[in-house]
Amino acid sequence: FFGPPSRLTMMRTTRAVMFSATRRSMQEFRRIFPDNAFRFFDGPEDSFGDGNLPAQIQLTLTRQDEYILKQELVNSITIRTQEGEMGIMAGHEYCVEQLSPGILEVEYDGDKKEQFAISGGWAHINDNGICDLNVAEAIPVAEFDLDKLTKAMEEARTAAASADDMTRIQGEIALEFFEPLEVCLKATA
């Protein structure tokens, strides 16, 4: 109970101190410009610039014109971006990231996890605990059959070794999507 602070507590404290300092510097900046300039600097009232971190992330996951998850409260999200794998927790800095094909993992309370195979898209992460993920396709990993995936991967490897440029590129794209999915399916099998 009175042991050393947890890593999450230390992260929240560090972020609260950092963003309190940022808020003070923004107030100095605002004195230079008129009140109507740079309105986008004002965050929502529940922003953690005052030291209050949201406990969870409010996630909206959309596929083309439909909601898969709509404003669901989650503990963390793991996405695959152009730079690599990225974890998102409450209090994450504001950023916009391009999603790569791969596995999207959503963690709820009670260690419940849900995984989706996505084909790419965009992540809009706000510093007030709201995250919007817009993807071209998202299919729950539980709906995949490992045997059918193995067969599709063999066909994609054959296509990736083709001398025809178009066939080779299609095979490489398929493998980029299939390989992380295979790792995920084998881990859950």
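**Exercise 1. Find out which residues glutamate 97 is in contact with, leaving aside its neighbours within four places in sequence.**

Step 1. Contact here is heavy atoms within 4.5 Å. Glutamate 97 meets Thr81, Glu83, Met86, Gly121, Trp122 and Ala123 that way.

Step 2. A word on what you're looking at: this is a predicted model, where local features need pLDDT of at least 70, side-chain atom pairs count only at pLDDT 80 or more, and totals for chains, interfaces and linings use all residues. Residues are numbered from 1 along each chain as its sequence is written, and side-chain values use heavy atoms, with hydrogens and water left out.

Step 3. Now check for a salt bridge (a side-chain nitrogen of Lys or Arg within 4 Å of a carboxyl oxygen of Asp or Glu). Glutamate 97 has none, although it is buried; buried means under 20% relative accessible area, with a 1.4 Å probe and protein chains only. Arginine 80, the nearest side chain of opposite charge, sits 12 Å away.

**Exercise 2. Work out why cysteine 131 has no bond to cysteine 95.**

Step 1. Recall that a disulfide is a covalent bond between the sulfur atoms of two cysteines. The cut-off used is a pair of cysteine sulfur atoms within 2.5 Å.

Step 2. Search the whole structure, and you get zero disulfides. For cysteine 95, the nearest cysteine sulfur is that of cysteine 131, 8.2 Å away. There is no bond because that distance is too far.

Step 3. Look at accessibility too: cysteine 95 counts as buried at 11%, and cysteine 131 counts as buried at 1%.

Definitions and conventions
Buried means under 20% relative accessible area, exposed over 50%, partly exposed in between (1.4 Å probe, protein chains only). Lys and Arg count as positive and Asp and Glu as negative; His and the chain ends are not counted.
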